[in-house]
Amino acid sequence: LGPFDRLCSLAIVLNVAFIFIQLQYQGSLGGIQLGVEVEPWPDVSKAFTAIEIAFNAFFGIELALRMAALRRRFFLGEKGVEYLHFFDMFLVIASCFDLFLFFQGTESRGVNLNV
């Protein structure tokens with residue numbers, strides 16, 4: 001693995017940790033609604049949104065750089081179709097669409113697809 005791949009791997013691991021923290025926060029909100037938990041976290045929703053945008057931008061740039069560097073090989077490798085690249089592209093596009101809906105005021109939040 002080269003330095004770029006290591007950086008992308010680190011970003012994926014950090015994003016997974018971020019998703020875990022988001023899920024814990026959502027669970028604590030549910031606990032407050034049920035009366036099980038009494039102390040809410042400080043308002044971190046803006047920070048969560050900013051971090052999610054940063055991850056989304058990073059993964060979008062990473063995808064664009066890989067597509068530019070590999071060109072046709074991004075889609076067709078030595079062994080045929082590169083399905084993982086298509087899956088990666090789907091995740092980035094779905095995440096962009098999720099953020100677009102969020103900023104349009106749609107209440108469709110609930111799944112962070114940045115991975």
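**Arginine 71.** I looked up arginine 71 in this predicted model and found the residue in the loop that runs between helix 2 and strand 1, the latter covering residues 76-77. I noted that its phi is positive, at about 50 degrees, although arginine 71 is not a glycine. I set this beside the general rule that most residues other than glycine have a negative phi. I then checked the accessibility of arginine 71, which comes to 63% in relative terms, so I entered the residue as exposed, the cut-off for that class being over 50%.

**Serine 28.** I went next to helix 1, which spans residues 3-34 and holds serine 28. Because its relative accessibility is 1%, I recorded serine 28 as buried, a class that ends at 20%. I also asked which residues serine 28 is in contact with once its neighbours within four places in sequence are left aside, and the list I obtained consists of Glu37 and Trp41.

**The nonpolar patch.** I then turned to the surface, where Phe4, Leu7, Leu10, Leu14, Ile61 and Leu65 make a nonpolar patch of about 550 Å². I traced the patch back to the helices and found that helix 1 and helix 2, the latter at 45-70, each supply at least two of its residues, while the largest share, four residues, comes from helix 1.

**Leucine 14.** From the patch I picked out leucine 14, one of its members, and placed this residue in helix 1. Its relative accessible area is 46%, so I listed leucine 14 as partly exposed, since that value falls between the 20% and 50% limits.

How values were computed
Residues numbered from 1 in each chain as written. Predicted model: local features only at pLDDT ≥ 70, side-chain atom pairs only at ≥ 80, totals over all residues. Heavy atoms only, no water. Buried < 20%, exposed > 50% of the residue type's maximum accessible area, 1.4 Å probe, protein only. Contact = heavy atoms within 4.5 Å. Patch = residues over 30% accessible without salt bridge, like charges linked within 9 Å, V, L, I, M, F, W, Y side chains within 5 Å. Areas by Shrake-Rupley, 256 points an atom, 1.4 Å probe, with all protein chains shown as cover. Salt bridge = Lys/Arg side-chain N within 4 Å of Asp/Glu carboxyl O.
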